[in-house]
Amino acid sequence: MRALTFVPGQKGTLDVEEVPDPEPGRGELLVQGLALGICGTDRELEQAEYGWPPPGRERMVIGHESLGRVLESPDGSAFSPGDLVVGVVRRPDPEPCGACAHGEFDMCRNGRYTERGIKEIDGYGSQKWTVEAAYAVRLDPSLADVGVLVEPASVVAKAWEQIERIGSRTWFDPHTLLVTGAGPIGLLAALFGRQRGMEVHVLDRAPRGHKSDLVEALGGTYHSASTLEPFAKAKPDVIIECTGAGQLVIDSMITTAAAGIVCLCGLAPGGRTHRVDAGVINRDIVLENDVIFGTVNANLRHYRDAAAALAAADRGWLERLITRRIPLSRALEAFQPDENDVKAVIDLTS
Ligand SMILES: [Zn+2]
């Protein structure tokens with residue numbers, strides 16, 4: 001079979017190579033890989049910004065946004081051949097820390113967790129892969145064309161779960177949501193907001209086009225802008241910040257309604273400084289009982305929540321999030337960012 005592999009820590013090593021078929025271990029499923037989503041993390045791995053190979057090996061299989069179909073399942077497992085599945089990315093650290101010991105590996109405290117396709121375990125970018133049945137999630141069969149979006153949606157499902165848990169500290173009935181950044185995470189966050197009946201605004205620097213069409217198809221409002229100026233008066237109850245752009249991150253902290261929640265999902269590059277009035281930010285957060293929090297990764301329940309949210313969404317809308325489908329033989333093209341992309345996906349079957 002063919003797999004998309006690279007040497008972590010070395011640029012220019014990503015390639016499609018012939019490798020032996022994987023052998024499922026005890027309690028594992030053997031899965032036919034159907035599709036692999038590519039995100040910023042994969043591009044950073046390809047650029048050798050981080051990444052750790054399995055112990056004792058140089059190359060590893062890349063890929064953490066999976067979709068496959070079960071070929072073989074262990075006797076007595078909850079899975080059957082033919083099931084559409086996604087594999088979870090993270091595994092608990094071996095120690096384990098308190099969070100991992102309680103199954104909360106997405107909140108690992110010591111950083112010694114491992115991750116498929118990123119940190120010490122082969123990823124899902126191969127024509128066949130194996131996964132422990134306990135770390136596989138079955139999807140509705142109708143998600144065959146879009147199930148590759150479950151992993152990014154799991155990150156969004158966790159973000160929403162955390163927002164709702166924080167909100168539940170007091171009376172909580174949020175009406176308006178602002179999402180900054182109309183990439184896959186931002187657009188999925190907007191979808192989840194609409195599924196909760198909220199008035200949804202999405203801000204992105206891109207001019208009107210495919211992204212604004214997607215937002216408006218949800219019943220949301222698109223703002224082609226690079227500052228939060230449009231929200232200076234009518235402040236949103238919840239902001240989900242997906243750009244990591246320093247000024248937007250700072251401005252989001254003072255742009256919520258009272259008891260506002262700012263969920264930071266984006267990653268800022270280091271090395272850029274911003275002049276801020278710390279007193280204004282401090283006063284705004286304290287006097288409004290605001291909460292600002294960060295979130296990353298997802299637990300098993302978030303994958304299940306994500307699968308349910310996608311199953312309840314319009315399939316045509318989800319398909320429009322996938323702006324490029326690239327055959328495995330030309331997989332490297334998916335790592336070239338395209339400004340018209342929302343999500344690039346590698347077809348592992350061709
Ligand atoms: Zn841990």
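The questions and answers below concern a predicted model and the reasons behind its structural labels.

Reader: What makes the site of the zinc ion tetrahedral?
Author: Its four donor atoms make angles of 93 to 118 degrees. Four donors count as tetrahedral if all angles lie between 85 and 135 degrees, so the label holds. The ideal angle for four tetrahedral donors is 109.5 degrees.

Reader: Which protein atoms are the donors of the zinc ion, and how do you know that they count?
Author: They are Asp93 (OD), Cys97 (SG), Cys100 (SG) and Cys108 (SG). They lie 1.8 to 2.3 Å from the zinc ion. The cut-off is 2.8 Å, so these atoms qualify as donors. Along the chain their spacing is D-x3-C-x2-C-x7-C. Both Cys97 and Cys100 are buried.

Reader: Why is the contact of Lys128 with Asp21 called a salt bridge?
Author: The closest N and O atoms are 2.9 Å apart. The limit is 4 Å between a Lys or Arg side-chain nitrogen and an Asp or Glu carboxyl oxygen, so the pair qualifies. Lys128 lies in strand E10 and Asp21 in the loop between E2 and strand E3, so the salt bridge ties together parts 107 residues apart in sequence.

Reader: Is Lys128 buried or exposed, and what about Asp21?
Author: Neither label fits. Lys128 has a relative accessible area of 27%, and Asp21 has 39%. Buried needs under 20% and exposed over 50%, so both residues count as partly exposed.

Reader: How do you know that Arg91 is buried?
Author: Its relative accessible area is 7%. Buried means under 20%, so Arg91 meets the criterion. Arg91 forms a salt bridge with Glu132, with the closest N and O atoms 2.8 Å apart. Arg91 is in strand E7 and Glu132 in strand E10, 41 residues apart. Glu132, at 24% relative accessibility, counts as partly exposed.

Reader: How many salt bridges does the structure hold, and which residues do shared partners join into one network?
Author: The structure holds 19 salt bridges. Shared partners join Glu104, Glu161, Arg165 and Arg301 into one network.

Reader: Why do strands E2 and E4 stand at the edges of their sheet?
Author: The open sheet has the order E2-E1-E4, with antiparallel pairing. E2 (15-18) and E4 (60-61) each have a single partner strand, so one side of each is left without a neighbour in the sheet.

Reader: What makes E1 and E4 a pair?
Author: Two bridges link them in the antiparallel sense. Pairing needs at least two bridges, so E1 and E4 qualify. In E4, Met60 is the bridge partner of Phe6.

Note on methods: Residues are numbered from 1 along each chain as its sequence is written. This is a predicted model: local features need pLDDT of at least 70, side-chain atom pairs count only at pLDDT 80 or more; totals for chains, interfaces and linings use all residues. Side-chain values use heavy atoms; hydrogens and water are left out. Helices (H or I, at least four residues) and strands (E, at least two) are DSSP runs, numbered from the N terminus. Donors are N, O and S atoms within 2.8 Å of the metal (3.2 Å for Na, K and Ca); water is not among the atoms, so sites may look incomplete. Four donors count as tetrahedral if all angles lie between 85 and 135 degrees; four count as square planar and six as octahedral if opposite donors are over 155 degrees apart and all others between 65 and 115; anything else is irregular. Buried means under 20% relative accessible area, exposed over 50%, partly exposed in between (1.4 Å probe, protein chains only).
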